[in-house]
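Visitor: I would like a close look at one part of this protein, the place where its two domains meet. Please take me through that part in detail.

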Amino acid sequence: MAASTPANDALDIAKIRAQFPALASGFIFGDNAGGSQILGDAIDRLRDYLVNSNCQLGATYSVSALSTQRVLEGVRDVAALFNAKGPEEVTLGYTSSLLVENLARALEPDVQPGDELVITGEHEANAGPWKKLAARKGLTLKVWHPVPNNPENPYSVALRVDDLLPLITPRTRIVAFTACSNILGSIVPVQDVVAAVRRVAKERGADRVQVSVDCVAYAPHRRMDVQAWVVDFCVFSLYKVYGPHAAALYIRASALPSLSSIAHHFLPTSAVSKLQLGGPGYELNWAATAIAPYLRSLTPAGTLEAAFDAVAAHEQTLVRPLLGYLRGKAARGVRIVGEEREGLGRVPTVSFVVVGEHPVRSKDIVDVFDRKGGIGIRYGHFYAYTLVDSLQPKLDIDDGVVRISFVHYNTVQEVERVIEVLEEALAT
Ligand SMILES: Cc1ncc(COP(=O)(O)O)c(C=O)c1O
């Protein structure tokens with residue numbers, strides 16, 4: 001598979017692709033929002049951990065000391081990815097869904113009757129645990145819904161901060177939202193949203209508001225900055241950011257006292273480890289240390305900021321032709337679900353449905369790809385069940401949307417190939 005040539009001093013895609021062993025097959029991975037390919041260096045570190053330091057950490061013997069150091073290095077590197085103040089604000093676990101559930105459990109003793117929780121209909125990971133907490137404690141749940149922004153396409157919906165602010169009352173306790181939609185592809189301006197939430201909360205006398213942000217669909221595409229955002233909790237999955245199958249939770253130091261320990265009763269209750277029920281996957285922590293150096297190596301500046309600027313620029317070259325093609329098929333009944341325009345406000349996660357006089361089921365579009373072979377895309381609700389279920393006119397929730405999602409290692413040629421197959425699928 002030929003790689004695109006960088007148009008400027010940005011990403012060297014051929015060099016990048018060489019670092020992902022799975023890409024050598026030429027298979028076109030177009031389901032990256034489900035999970036990215038893993039760096040060769042992360043694979044090497046998995047093996048290295050298991051061969052050279054595979055024992056219980058925390059003991060005094062030399063191999064255990066190495067294991068301890070490696071596991072902590074994983075946390076330190078992931079803290080840098082969040083731009084947290086330090087590793088004492090970060091814990092790793094198997095999935096983001098599990099970590100937010102643990103978080104909600106740890107917060108449970110601190111909520112009070114009458115507290116209100118605001119969630120979105122986006123991926124259930126940062127909604128379900130709050131719904132369950134509300135049900136257990138009899139709290140009020142409010143949903144921040146997206147609204148259409150193009151009269152000609154009811155599926156082109158987006159979240160507007162103006163619709164969130166009226167939901168804030170003196171009793172608001174948690175505001176939980178997604179930094180980037182895994183369906184719509186649109187980025188929520190986290191810093192602005194959090195600033196507005198905190199301003200309005202203060203005006204209305206809500207002095208216990210905490211903000212929980214799901215960065216799972218954001219972290220592969222943009223630099224996270226939990227300090228600038230002033231969020232209390234943030235989660236992302238390493239397996240979508242070129243690492244092993246694990247996830248990480250950020251807890252702002254000032255938010256720690258609001259959490260009770262869910263760990264064993266004799267373990268410290270003051271540190272972030274109180275959220276760590278059992279150890280992390282040790283080899284996964286060590287494999288995670290491949291991610292930050294890789295990202296820093298992407299540009300001469302050697303910073304995560306520069307890396308994500310370059311990633312965002314390259315990704316625009318991928319999303320532009322795909323959106324352009326889909327917009328051009330409006331007469332055929334293609335409706336983009338989410339942001340229809342390219343630009344830095346969206347990532348290359350593109351969803352659509354085919355409606356009108358000759359509708360095509362999402363499954364049937366994906367079937368055409370599967371019959372051809374060599375390309376992986378997917379259909380469904382992608383666990384953003386409430387969002388997909390709320391779209392009007394209503395969609396069959398199980399058929400959901402067709403989703404094509406690229407990351408920076410994808411090439412313009414791959415996008416062109418995907419468009420060729422789409423053309424065949426839409427000719428039916
Ligand atoms: C936006 C978003 N949040 C959360 C998740 C869940 O991540 P995990 O599988 O680590 O629980 C996903 C997975 O697709 C996602 O896209």
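Guide: One salt bridge is counted between domain 1 and domain 2 in this predicted model. The pairing of R223 with E305 is a salt bridge whose closest N and O atoms lie 3.0 Å apart. Polar contacts are counted separately, and across the interface 25 residue pairs meet that rule, with both residues at pLDDT 80 or more.

On the domain 1 side, the elements that give two or more residues to the surface touching domain 2 are the helices α11 (304-327) and α13 (385-390) and the strands β11 (334-337), β12 (349-354) and β15 (401-405). Of these, α11 supplies the largest share, seven residues. Sorted by class, the side of domain 1 that touches domain 2 holds 28 nonpolar, 14 polar and eight charged residues.

Now the extent of the interface. The size of an interface is often given as the accessible area lost when the parts come together. Here the two domains bury about 3500 Å² between them, and 57% of that is on carbon and sulfur atoms. In domain 1, the residues that lose the most area to domain 2 are L304, F308 and L387, which together make up 18% of what that side buries.

As for the layout of the chain, domain 1 is made of two stretches, 13-38 and 302-426, while domain 2 covers 51-294. Their centres, taken over C-alpha atoms, are 26 Å apart. The contact draws 50 residues from domain 1 and 37 residues from domain 2.

Terms used: Residues are numbered from 1 along each chain as its sequence is written. This is a predicted model: local features need pLDDT of at least 70, side-chain atom pairs count only at pLDDT 80 or more; totals for chains, interfaces and linings use all residues. Side-chain values use heavy atoms; hydrogens and water are left out. Domain bounds come from an automatic or database domain assignment. Contact means heavy atoms within 4.5 Å. Buried area is the accessible area (1.4 Å probe) that two parts lose on being put together, summed over both. A salt bridge is a side-chain nitrogen of Lys or Arg within 4 Å of a carboxyl oxygen of Asp or Glu. A polar contact is a pair of N or O atoms within 3.5 Å; within protein, one must be able to donate a hydrogen and the other to accept it, and residues adjacent in sequence count only if both atoms are side-chain atoms. Helices (H or I, at least four residues) and strands (E, at least two) are DSSP runs, numbered from the N terminus. Ala, Val, Leu, Ile, Met, Phe, Trp, Tyr, Cys and Pro count as nonpolar, Asp, Glu, Lys and Arg as charged, and the others, Gly among them, as polar.
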